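This report describes the pockets of one structure and a helix that belongs to the picture. Please look over the sequence and the model before reading on.

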Amino acid sequence: MTLPLDVTKLADLLRLAAKSEILPRFRRLGNGDIRSKSEPSDLVTEADEAAERLIRREVEAIAPGALFVGEESVAADPSLLGKLADTDFAIVVDPVDGTFNFASGIPAFGVMASVVWKGEVVAGIIYDPMGDDWVMAEKGAGAFLRRPDGEAIRLSVAQSRPLDAMVGMASPGYFFGETRERILGNLAKVRFFANYRCSAHEYRTFAGGHVQFVLYNKLMPWDHLAGTLIAAEAGGHVARFDGSAYLPHHVDGGLLLAPDKESWQMLRREIIG
């Protein structure tokens, strides 16, 4: 399909922001450079804000007229989030996904962007500053690991396994009360599950064929739009818990990813209940 902007320019922009604003601050943040938002583990740093300012400024040049929805921009102006449902063209950005890791000196964070065009996600990019590569997808064109030298490797999700042999990613901290207890208990049915506190790397792990499922409850567009497109283009089955499609304006309903529809249905039945 014809995209409303050159996605490679957007990918290069994420790399520029990482090299100029994020990596120079990694393991060099002062006490005043880290602040809490909604809770002590929900952090924002000088790197998040500086990177988003740079990305926003440059997006205005390569995608004039696009609605810019960044995590920190929405923190300053929550009304931006509601505009995603009605806009024809938007760029959604997470300047540092995995801020808790970044602020803790853990090298598991990423920079993400997605392109929303006429109500659907048409491109997604996850840049890994530490590995200096991108996982990218354009709607209908597959998902690829791309490196700065031009190398591109097509991605494919894992083969399905029986439930007790499945390995996956789950974030039970965003379920609450009885639901959390039920899901944690049900996750004992799989072989292993982990949580990187970084959806960028969790989506990369799934699209790269290393795990059989990913499970989320909290949905913010900067955390999930790029990754779900990449996962789907790598061959995965992506849906909210009720089986419906995940759309750019959705902020609830949960997300479950699996290698195929049959595995998705089994996981939905056995884990979500």
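In this predicted model, the second largest pocket holds about 280 Å³ of space. It is lined by 14 residues, and the closest to its centre are Lys139, Thr228, Leu229, Ala232 and Tyr246. Two elements, strand E6 (120-128) and helix H8, each give two or more residues to this lining. H8 has the largest share, with 5 residues.

The largest pocket has a volume of about 760 Å³. Its lining counts 30 residues, of which Asp42, Tyr174, Arg197, Lys218 and Asp223 are the closest to the centre. Helix H3 (71-76), strand E4 (89-97), helix H5 (99-104), helix H7 (199-207) and helix H8 (221-233) each supply two or more residues to the lining of the largest pocket.

The table sets out the make-up of the two linings.

| Pocket | Nonpolar | Polar | Charged |
|---|---|---|---|
| Largest pocket | 10 residues | 10 residues | 10 residues |
| Second largest pocket | 9 residues | 2 residues | 3 residues |

H8 thus appears in the linings of both the largest pocket and the second largest pocket.

Helix H7, one of the elements that line the largest pocket, can be looked at by itself. Is H7 largely enclosed or open? Buried here means under 20% relative accessible area. Of the 9 residues of H7, 9 are buried, so this helix is largely enclosed by the rest of the structure. Among the buried residues are His201, Glu202 and Arg204, along with Tyr203 and Phe206. After H7 comes glycine 209, which has a positive phi, near 85 degrees.

Terms used
Residues are numbered from 1 along each chain as its sequence is written. This is a predicted model: local features need pLDDT of at least 70, side-chain atom pairs count only at pLDDT 80 or more; totals for chains, interfaces and linings use all residues. Side-chain values use heavy atoms; hydrogens and water are left out. On a 1 Å grid over the protein atoms alone, a cavity is a set of points where a 1.4 Å probe fits but cannot get out, and a pocket is an open set with protein on both sides within 12 Å along at least five of seven lines; lining residues have an atom within 4 Å of a point. Grid points are joined across faces, edges and corners, and a volume is the space filled by probe spheres set on the points. Helices (H or I, at least four residues) and strands (E, at least two) are DSSP runs, numbered from the N terminus. Ala, Val, Leu, Ile, Met, Phe, Trp, Tyr, Cys and Pro count as nonpolar, Asp, Glu, Lys and Arg as charged, and the others, Gly among them, as polar. Buried means under 20% relative accessible area, exposed over 50%, partly exposed in between (1.4 Å probe, protein chains only).
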